[in-house]
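Biologist: Before I use words such as contact or salt bridge, I would like to see how each one is justified. Could we go through them together, slowly?

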Amino acid sequence: MTKRKFGFALPLALAAALILALGVSTGSARTQKKAAALKAAWMYVGPHNDNGWSQAHDKGRLYVQAQLGSKVETTYKELVPEGPQTTQVIESLIRDGNKIIFATSFGFQPAMVAAAKKYPDVKFEMATGTAQSANMAEYFGAGEDGIYLSGMAAGAATKKGVIGYVVPFPIPEIIRHANAFALGAQATHPGARIRLIWTNAWLDLGKEKKAAQSLVAAGADVLGQNVDSPATGQFAESKGVPWVGYDSDAHTFAPKQWLTASIYNWGPYYLRKVKALLNGTWKTNFYYGSLKDGMIGLAPYGPKVSAKTKAAIARKKQALINGKFYEFAGPLYDQKGKLRVPKGKRLTVKDLYAINWLVRGVIGSAKG
Amino acid sequence: MNNSLVVVVLASGVLYGTPLLYAALGELLAERSGVLNLGVEGMMLVGAVMGFWAVQRLPGPSALVLAAGIGVAALAGAAMAAIHAFLVVTLRANQIVSGLALTIFAGAAGLSSYLGNDLKLTGSPARHQFQEVFPKSLQDLPVIGPMVFGQSLLVYASWVCVILVALYLTRTRTGLNVRAVGESPAAADAMGVNVAAYRYAHTLVGGAFAGVGGAAFSLSITPQWADGLTGGAGWIAIALVIFAFWRPTLCLLGAYFFGAFTALPFALQGHGVTVAPELFQTLPYVATIVALVLVSSRAARLRFGAPAALGLPYVREER
């Protein structure tokens, strides 16, 4: 039998698929206003509506758009891969005339650094990174403070003293968050142990659920997370296990088991920087938001958090704000019981950005 | 006992293998009729998003809404498969290219995510979801409790599907015709079997199965909609059909094996064993690539028991 293909069918199918795929992918980046306004762009590692990290940033973008109206034209690119394609996305944003680009995932940093060198008159804003330059600012918030407080809610909820924590990648950001969570839990449940499972993905619902499942099977009676989706919470709800979220208020996914979550409010920072660019006063910075300036906060509590716990958390929050308490002040011991931070010493933000060890009571490897 | 590593992994194998099983059964039906469908991943995603949409929007009691959700997911998968069938049966386009194009078109960051955004499906959990049907006392039985009784209706329905597909292919006249169409369409044509109609029907039913497999994610495993929810399950399903030598019952075993394999690294971590995550995360896909390489060579295909006319368009005049 000889093969004969209809000459037109194949290119036709390909062309149709390509046109549709292109149409859809540009459709994902919705542009808000059409006037001759300042163009500002955001890049997300997940979907803009992930009920987590990326959504919190998108809320900030919408806040900027609402506050500045026709003076700005904001846009976003979602599901941007961390790797060579990051550069392509940045290039296309610049070609579209964006003058300030907010990159909201650590893995975008190499591409951002390269683009900042190549385009000196575009302003670059890099969340969670460390590579500051004349036209590239770094910003983040002390999520660890909010996470410490949410850890207190988890500690108060555990009976067995074993809390599961679903974590993405073994990088300093996540290690300091896991440490803060453990320290918070141990404040309300002395000796509490925090079991980690790494998913090696920021957002992967299947992996997050499998991790949550394995944590409960391994004896955890409360779950927490540093990953981006509410899949852990849905599993927790189905098993009657209290749950601490992260990034966004996701109580709708686990109405009965929701405790709270450390959340970010990026809007005011974004507004300040975009306004500064409009006024010609934009400056590079290494900005580290806090509970005090409101970049970090706690989501509303669920029904399982007792009045006593709420009061304890409120007191700690106040102490964190006025500097009377700091979770990373010594003495701090690592997993093996070795004294890492002696009494009277404290970890600085710089130390926290390089931290590679887990505190006492955390079960799991700091290497993933 | 039921929290031991082995039981957790085996029970996970059944849970996470179920979408693979549905998709693989569908792919098996299409391939047995001679149509290779590489668009499974796209069809699963469209099924997942549309099934979820139906469950979020339709009023009524939980059981009815869920049934309707599965129905819509099946229809959505079949609609995508209809494009594939039109291209490869009627226009006789290259089956590999058409299938790949469909997955790119419908997959993550394609049609399925467009639908998810446009129908505003993110931000809330599924209003209804498939839950364990047996009482807690049965679910707590050692070993077989979590594996056999701790599952949802979708799992039990998939067992029925395996039996039905196996009986259909081996014990019915139409099933025999399907295999004839897949092995030698010319001979089937001479027997008076309508080759195009058979291929259309089985590609569409295959797409419907893929849609249901997708809905197993959005209505049962992680009952919500998120972009790329199926995470490559469609590709594994295609490989599964090859590893199962085109036999429905072996598909079941293979699906549970792959399902257990994806859960294993997390269960191991829960027991304090860390294995290089890259290894575990890539192995199912490495297996998939090996299978796809095997199936791309005709000689190897026949040795594994592939339908002889798999991937070949049928043109009556060219006999």
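What follows is a conversation about a predicted model, taking one term after another.

Biologist: Why is the pair K239(A) and E132(B) called a salt bridge?

Modeller: The closest N and O atoms of K239(A) and E132(B) are 3.5 Å apart, and the rule asks for a side-chain nitrogen of Lys or Arg within 4 Å of a carboxyl oxygen of Asp or Glu, so the pair qualifies. Across the interface of chain B and chain A the rule finds one salt bridge.

Biologist: What makes up the side of chain B that touches chain A, by class?

Modeller: That side has 24 nonpolar, 18 polar and five charged residues, and it belongs to an interface in which 47 residues of chain B are in contact with 46 residues of chain A. The area buried between the two chains is about 4,000 Å², of which carbon and sulfur atoms give 61%.

Biologist: How many salt bridges does the rule find between domain 1 and domain 2 of chain A?

Modeller: The rule finds zero salt bridges there, so no Lys or Arg side-chain nitrogen of one domain was counted within 4 Å of an Asp or Glu carboxyl oxygen of the other. The count of residue pairs in polar contact between these domains is four.

Biologist: How do you know that the two domains touch, and which residues take part?

Modeller: Contact means heavy atoms within 4.5 Å, and 16 residues from domain 1 and 18 residues from domain 2 of chain A enter the count, so the domains do touch.

Note on methods:
Residues numbered from 1 in each chain as written. Chains lettered and ligands numbered in written order. Predicted model: local features only at pLDDT ≥ 70, side-chain atom pairs only at ≥ 80, totals over all residues. Heavy atoms only, no water. Buried area = accessible area lost by both parts, 1.4 Å probe. Nonpolar A, V, L, I, M, F, W, Y, C, P; charged D, E, K, R; others polar. Polar contact = N/O pair within 3.5 Å; in protein donor to acceptor, adjacent residues only side chain to side chain.
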